[in-house]
Amino acid sequence: MNDTKRVIALGFFDGVHTGHGALLSRVREKAAALEAVPTAFTFDAHPGSRITGAVTPLINSAADRADLMRRLYGIREIIVAHFDSMMRMPWEDFITEYLVKEQGAVHVVAGHDFHFGYKGEGNPRRLAEKCAALGVGCDIIPKIEKEGITISSTYIRTLIAQGEMERADAFLGHPHVLTDRVAHGKKLGSTLGFPTVNLHFPPGVLVPAYGVYATRVWFENGDSRPAVTNIGMRPTVDDGDAVSVEGYILDFQGDLYGQTIRMEFFRRLRGERKFPSLDALREEVMRNAQQTRDYFAAFKAQ
């Protein structure tokens, strides 16, 4: 029996979008009222990938999901369960043995489409009924819509893959993020007058449409700067097929190698293309830098 009282949100939470936010906000409210720990339960792998065998590219890494839940919604603990073992557990045991006895759940919050346990036999109705019988609180959150569209990770993945970053951010309720440790690159940007930071998308995480984006970079010390970021193959200077993420941080000088930074994506400025010369590339990057400055100036004025 767990002595720690927890209010637990149930779900995978890929992207931590505004639909998820409704669950997480409810958890924070109930935890405060019950003097319990606001907690999120999630899996180590996407359920759809495990059930169907078809790989689902993720909006965020597990670390970014956890950071978003903590930073935006005040979730204090993240429980990451092994999906393969959970999918074999009878649905009643998931509630009574795992959530209540092992995790100390005094209240749970789930979405209208949450399924759990062996063959997905657990559903919101069964969850609510079993919790009521155990004296555990339970909220089932209905689907959340925006512009007549149900907010879902599936829809947001489509937007990101197409480079529709502003619309994706609107459905997420926050900027799309990538957190990574700055790696060494080829230092070509430095020779052209715009030194860049080099990041990468972890395996299994969706790569946005190739192109140049207006982004904001957050440093370990809590400061931030606008940046012009290219995602793609760098066709002007590379012949390989490795995807790179290169950010030119505006009005910044310093060594960030080895530091972990968070990059937020706001607008796709253009698609990736090959330039006839390095001078032409530099001229375009400077133009994109001004577009980025103008974007954030207007964004701040809103």
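**Notebook: a sheet, three helices and some salt bridges**

I began at H176, which stands opposite F265 in β13. This is a predicted model, in which local features need pLDDT of at least 70, side-chain atom pairs count only at pLDDT 80 or more, and totals for chains, interfaces and linings use all residues. Residues are numbered from 1 along each chain as its sequence is written, and side-chain values use heavy atoms, with hydrogens and water left out.

*Entry 1, the sheet.* I looked up the strands around that pair. Helices (H or I, at least four residues) and strands (E, at least two) are DSSP runs, numbered from the N terminus. β8 pairs with strand β13 (residues 260-270) in the antiparallel sense, over 6 bridges. Two strands count as paired if DSSP finds at least two bridges between them. In general, strands of a sheet pair through backbone hydrogen bonds, either parallel or antiparallel.

I then traced the whole sheet. It is open, has 6 strands and pairs in the antiparallel sense, in the order β8-β13-β10-β11-β12-β9. Which strands are at the edge? They are β8 (176-181) and β9 (196-199), and each pairs on one side only. From one strand to the next, the twist averages 35°.

*Entry 2, a helix across the strands.* I found helix α3 (residues 62-73) lying across β8 and β13. Helix α3 runs at about 120° to β8. For such angles, axes are lines fitted to C-alpha atoms, for helices over the stretch in contact, and the angles run from 0 to 180 degrees between N-to-C directions. Contact means heavy atoms within 4.5 Å.

*Entry 3, helix α8.* Which residues of α8 (residues 165-172) are buried? I noted M165, A168, D169, F171 and L172. Buried means under 20% relative accessible area, exposed over 50%, and partly exposed in between (1.4 Å probe, protein chains only). Seen down the axis of α8, the buried residues fall within an arc of 165°, so they line one face of the helix. The arc is taken over the directions from the helix axis to the C-beta atoms. Just after α8, G173 has a positive phi of about 90°.

*Entry 4, T292.* I moved to helix α10 (residues 278-301), where T292 is found. Is T292 buried or exposed? T292 counts as buried, because its relative accessibility is 0%. Leaving aside neighbours within four places in sequence, T292 is in contact with A214, P226, A227, V228, L250 and L269. A280 is 12 residues from T292 along the chain, and their C-alpha atoms are 18 Å apart.

*Entry 5, salt bridges.* How many salt bridges does the structure hold? I have 15. A salt bridge is a side-chain nitrogen of Lys or Arg within 4 Å of a carboxyl oxygen of Asp or Glu.

I looked up R125 and E129 in helix α6 (residues 124-134), where they lie 4 residues apart, about one turn of the helix. Their closest N and O atoms are 3.3 Å apart. R125 is partly exposed at 48% relative accessible area, and E129 is partly exposed at 45%.

R262 and E264 also meet in a salt bridge (3.4 Å, N to O). Both R262 and E264 are buried.

Back in α10, E284 forms a salt bridge with R287, with the closest N and O atoms 2.8 Å apart. E284 and R287 are separated by about one helical turn, because they are 3 residues apart in helix α10. E284 is buried at 8% relative accessibility, whereas R287 is partly exposed at 43%. Salt bridges with shared partners join R270, R273, E284 and R287 into one network.
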